[in-house]
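Trainee: I am new to this structure and would like to go through it slowly. Could we look at it together?

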Amino acid sequence: MASPPDTSKTVKLERYNSYVRRLHLTKLLHSSSKLFFRATILIALVLILFLTLNHPPLFDNSPPHHHGHALLSTSLFSSIGGGASWEKQLRHSATPRRSNGFTVLVTGASGFVGSHCSLALKKRGDGVLGLDNFNDYYDPTLKRDRQKFLQKHQIFIVEGDLNDTPLLNKLFDVVPFTHVLHLAAQAGVRYAMKNPQSYVASNVAGFINLLEVCKSANPQPSIVWASSSSVYGLNTEVPFSESDRTDQPASLYAATKKAGKAIDVYKTQDDKEVARDFTYIDDVVKGCLGALDTAEKSTGSGGKKKGPAQLRVYNLGNTSPVPVGRLVSILENLLNTKAKKHVIRMPRNGDVPYTHANVSLAYKDFGYKPATDLASGLRKFVKWYVSYYGIQPRVKKETRFNNAHSEESS
């Protein structure tokens, strides 16, 4: 009788083949899982990037006193590039509403002069885009309130620094500015002796950076730059004329403005009264707009000069110097309060002893003529001040007038 066939080898082979199939299936499932996981991560990253570019951030890391406006900080700009909604805000704010209207970049737009000039330009139909770093040289609350007020008038302020070249380049890429009204600067004469670096960074480096970006822009904008009477320094010729020397500054503040207040009542080193050519804000605005209106178009394009450029220097002032002691007396009468005066000698490396502007050239070229005397300007200022800060003096109380703006004076 024949022996049964040996099937052990067949069984082993089938078991081996089954093992190999299971192994291949396991490897296939493992590879598919990895591929699916990587695809999920990639899709998630794309969605996160899309949402970041088209929607505002969930968390606000802006400085104190921020009141919820959609501002762009320098760090935010660097990380997301602005975004479509942000660019839309820029264009909406900068688009003029009158035919042949200007498109103006106003630096220092949340400052005293900057906010008033921005509003005046907007009211007459020009497009305005503001730029400000909202520093804390004085209480930023006032700057934020000005920002809110300008926002109501469709004026958008970008929060950023003049030394941020990528930000400036982005602004000029998005908006074809016809004019730049450069009012941003580190202010204060005596503070310059405490923090000189801030003056160099803003008044020199920041200004040069702005000029370089303007030079590379196409079209190149016309530029109006506000300096300071401090540049006349130790000049003894009065009234100050645009042709006077400005190479003897009395302070670092004056030097940086040329290169690119118990109440302290000061007197000169020889015990004479310090006098100032105090100018009301409405008169300053008229002068700034007059300079803009008469500025010729740039003669260059895309960083290249194609002809001689217009260069003009104008004094803006009230043409009537008043002793600082007289200003204090007017305030005492308006507030019905006696001031505590601290009379001190002015340091030799501090402010200039007097200012007096010769404005004949500004009058000749664009009809500049100051219209508000010191007493009238201070009366308006006091009404605004006591209302804004909620003070209860012995003067007639008025409405806060939009919290920050209208009654501010020089």
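Trainee: Which residue follows helix 10, and is its phi positive or negative?

Mentor: Please keep in mind that this model is predicted. Helix 10 covers residues 324-335, and the residue that comes after this helix has a positive phi, near 55°. That residue is Asn-336.

Trainee: How far does helix 10 reach from its first C-alpha to its last?

Mentor: Helix 10 has 12 residues, for which 16 Å is expected at 1.5 Å a residue. The reach in the model is close to that expectation, at 17 Å.

Trainee: What covers the buried residues of helix 10?

Mentor: The buried residues of this helix include Val-324, Leu-327, Ile-330 and Leu-334. Their cover includes strand 6 (263-267), strand 7 (275-276) and strand 10 (322-323). Also included in that cover are strand 11 (341-345) and helix 12 (374-388).

Trainee: How many disulfides does a search of the whole structure find?

Mentor: A disulfide is a covalent bond between the sulfur atoms of two cysteines, and here a pair counts when the sulfur atoms lie within 2.5 Å. For Cys-117, the nearest cysteine sulfur is that of Cys-288, 4.0 Å away, and Cys-117 is in no disulfide. Across the whole structure the search finds a number of disulfides equal to zero.

Trainee: Is Cys-117 buried or exposed?

Mentor: Buried means under 20% relative accessible area. Cys-214, with 3%, is buried, and Cys-117, at 0% relative accessibility, also counts as buried.

Note on methods
Residues are numbered from 1 along each chain as its sequence is written. This is a predicted model: local features need pLDDT of at least 70, side-chain atom pairs count only at pLDDT 80 or more; totals for chains, interfaces and linings use all residues. Side-chain values use heavy atoms; hydrogens and water are left out. Helices (H or I, at least four residues) and strands (E, at least two) are DSSP runs, numbered from the N terminus. The expected span of a helix is 1.5 Å times one less than its number of residues. Buried means under 20% relative accessible area, exposed over 50%, partly exposed in between (1.4 Å probe, protein chains only). Contact means heavy atoms within 4.5 Å.
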